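Open the model in your viewer and show the backbone together with the side chains. The stops below go from one selection to the next.

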Amino acid sequence: MALLEDSEIQEFVQSHPGWQREGDNLVRTFVLADFAAAVGFIAAVGVAAERAFHHPDIDLRYRRVRVSLTTHDEGGLTRKDTKLAARIDRLAPN
């Protein structure tokens, strides 16, 4: 899978509020209602990640969930990352 161009990454970040680029990663922190909601969100992300065969790094701090995506095999960001990030956005409660 081809790495995304800088312009493609910037376009994604601009059209998906909350996501930002940190080096070769797309990252976003979600703030959930409480710890239980955060754990439930992580479980939903885990199911989506398994279906996509693409696994983010996830950090849980009480009700804050930080998700970081990169395609390790390619050494940077690919469509796998933006597709899963968009899916994760749809899983997050509003």
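Is W19 buried or exposed? Select W19: the residue is buried, with a relative accessible area of 3%. Keep in mind throughout that this is a predicted model.

**Stop 1: the aromatic cluster**

Leave W19 on display and add F30 and F41; these three residues form one aromatic cluster. A search of the whole structure finds 2 aromatic pairs. One of them joins W19 and F30, whose rings meet edge-to-face, at 6.1 Å centre to centre and with 75° between the planes. This pair brings together distant parts of the chain: W19 sits in the loop between α1 and β1, F30 sits in strand β2, and 11 residues separate them.

Now turn to F30, which is buried with a relative accessible area of 4%. How far apart are the ring centres of F30 and F41? The distance is 4.9 Å, and the planes stand at 55°, so this pair is tilted. Here too distant parts of the chain are linked, with F30 in strand β2 and F41 in helix α2, 11 residues apart. F41 counts as buried, at 4% relative accessibility.

**Stop 2: the nonpolar core**

Widen the selection to the core. The largest nonpolar core has 22 residues, and W19, L26, F30, F41, V67, L69 and I88 are those with the most contacts inside it. Colour the elements that give two or more residues to this core: α1 (6-15), β2 (25-31), α2 (35-52), β4 (64-69) and α3 (79-91). Which of the elements gives the most to this core? That is α2, with 5 residues. In soluble globular proteins, nonpolar side chains tend to be buried together.

Next, centre the view on V67 and show what lies around this residue. Leaving aside residues up to four places away in sequence, V67 touches W19, L26, V27, R28, F30, P56, D57 and I88.

**Stop 3: helix α1, two faces**

Select α1 and look along its axis. Which residues of α1 are buried? They are I9, F12 and V13. Viewed down the helix axis, the buried residues of α1 fall within an arc of 95°, so they line one face of the helix. To see what this face meets, show β1 (20-22), β2 and α3, against which the buried residues of α1 pack. Then rotate to the face of α1 turned away from its buried side, where the exposed residues S7, E11 and Q14 are found.

**Stop 4: two loop residues with positive phi**

Go to the loop between α2 and β3 (57-61) and select F53. Phi of F53 is near 55°, which is a positive value in a residue other than glycine. Is F53 buried or exposed? F53 is exposed, with a relative accessible area of 67%.

Move on to the loop between β3 and β4, the place of Y62. Y62 also has a phi near 55°, positive in a residue other than glycine. At 55% relative accessibility, Y62 counts as exposed. Which residues does Y62 touch, not counting those up to four places away in sequence? The contacts of Y62 are with D34, F35 and A38. Draw a distance from Y62 to F35: C-alpha to C-alpha it comes to 5.1 Å in space, while the two residues are 27 apart in sequence.

**Stop 5: the whole chain**

Clear the selections and return to the backbone. The protein has 3 helices and 4 strands. Traced from the N terminus on, the elements run α-β-β-α-β-β-α. Along its principal axes the C-alpha trace spans about 35 × 25 × 20 Å. What radius of gyration would a compact globule with 94 residues have? The value would be near 12 Å, and the protein agrees with this at 13 Å.

Switch to a surface view. The protein exposes about 5,700 Å², of which carbon and sulfur atoms supply 49%. Of the 94 residues, 36% count as buried. As a last display, draw the contacts between residues at least 6 apart in sequence: 63% of them join residues at least 24 apart.

Key:
Residues numbered from 1 in each chain as written. Predicted model: local features only at pLDDT ≥ 70, side-chain atom pairs only at ≥ 80, totals over all residues. Heavy atoms only, no water. Core = buried A, V, L, I, M, F, W, Y, C linked by side-chain atoms within 4.5 Å. Buried < 20%, exposed > 50% of the residue type's maximum accessible area, 1.4 Å probe, protein only. Contact = heavy atoms within 4.5 Å. Arc of directions from axis to C-beta. Rg over C-alpha atoms; globule rule 2.2 N^0.38 Å. Areas by Shrake-Rupley, 256 points an atom, 1.4 Å probe, with all protein chains shown as cover. Phe/Tyr/Trp six-rings, centres within 6.5 Å; stacked < 30°, edge-to-face > 60°.
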